[in-house]
Structure formats: C-alpha cells, structure tokens
Amino acid sequence: STPNPIPLVTRKNNLKKGNHLRNIDEQVFQRSDGPVIILAVHLCGTLSIKAVEMFNTQPKAAMLILKPCCLPGLCHSKRKEIFSLGKHDFAASDVCIRGGWNKGKWKGQPREHVESFFNK
C-alpha cells in the first residue's frame, strides 16, 4: 500500500494548558519536515482564540481551519476583557453572548440576535 502523501497526526489536548501546548510543539511542529495544517474542530468559548494564537506563533503553521462550537460566555464581557489576535484587538462584548448548548439544543439568545453581532 502507498503511504498518504500528507501524514495525519490527531491530538486531543487542552489548549489552555501550557504543558499541552509545549507537547504539541514538540510532538507535531518540531517533528514536521514541512508545513503543518491545523484543523481545530468544536472549540468552545475562548479555545478558538487559543487556536489562532497557536497558528500565529508557529512558523511551520501554513493553514488554520477553524470550526468553533460557541462564542465566549458573558463573564469575559463583564470583566471588560479585550481579546488580542495578532495585530487585531476587539472587546469581548463584541462577541460574547449568554447561552450554550444543552442536550443538543441551544439555550440562550435567539439566532437573530447572535447574527447581529457579525453584521456590524
């Protein structure tokens, strides 16, 4: 059988923990002979921000495919946090909403309200 032209390395890590990020760096980025594509699926809350930070700081990261789960919770907005991604800063209040998924159903603000956040 012919090996895949692009090796696939799957990982389940906590992007909020420094030791997990170091492990990804050592086991994936440093061992790669070429560019790395990051596929980040079902990242809840601020985990999408962590994935973007990883992409921005890893020289071998050639592409980021991001499929977030939900937006950050209101606690970030109440603390008046500012999210920084590369050269882009934005207030948590611009993207934080009340709500979450429970047993496969959305419990929170209606979709029409959430869509307005992204049509500014």
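A nonpolar core is here a set of buried Ala, Val, Leu, Ile, Met, Phe, Trp, Tyr and Cys residues joined through side-chain atoms within 4.5 Å. In this predicted model, the largest such core comprises 12 residues, namely L15, I24, V28, F29, V36, I38, A40, L43, L47, A51, M54 and A61. Two or more residues are given to this core by each of the elements α1 (18-29), β1 (36-43) and α2 (47-57). Strand β1 provides the largest share, with four residues. A second core, separate from the former, contains seven residues, including V52, F83, L85 and A92.

Contacts were examined for one member of the largest core, V28. When neighbours within four places in sequence are left aside, V28 is in contact with V9, R11, N23 and V36. Of these partners, V36 is itself listed among the residues of the largest core.

The loop between β1 and α2 holds T46. This threonine has a relative accessibility of 12% and therefore counts as buried, the cut-off being under 20%. Beyond its neighbours within four places in sequence, T46 is in contact with K16, P72, H76 and F83. The last of these, F83, is one of the residues of the second core.

With respect to cysteine, a disulfide is a covalent bond between the sulfur atoms of two such residues. The structure holds zero disulfides. C44 has a relative accessibility of 33% and so counts as partly exposed. C75, at 39% relative accessibility, likewise counts as partly exposed.

Definitions and conventions:
Residues numbered from 1 in each chain as written. Predicted model: local features only at pLDDT ≥ 70, side-chain atom pairs only at ≥ 80, totals over all residues. Heavy atoms only, no water. Buried < 20%, exposed > 50% of the residue type's maximum accessible area, 1.4 Å probe, protein only. Contact = heavy atoms within 4.5 Å. Disulfide = S-S within 2.5 Å.
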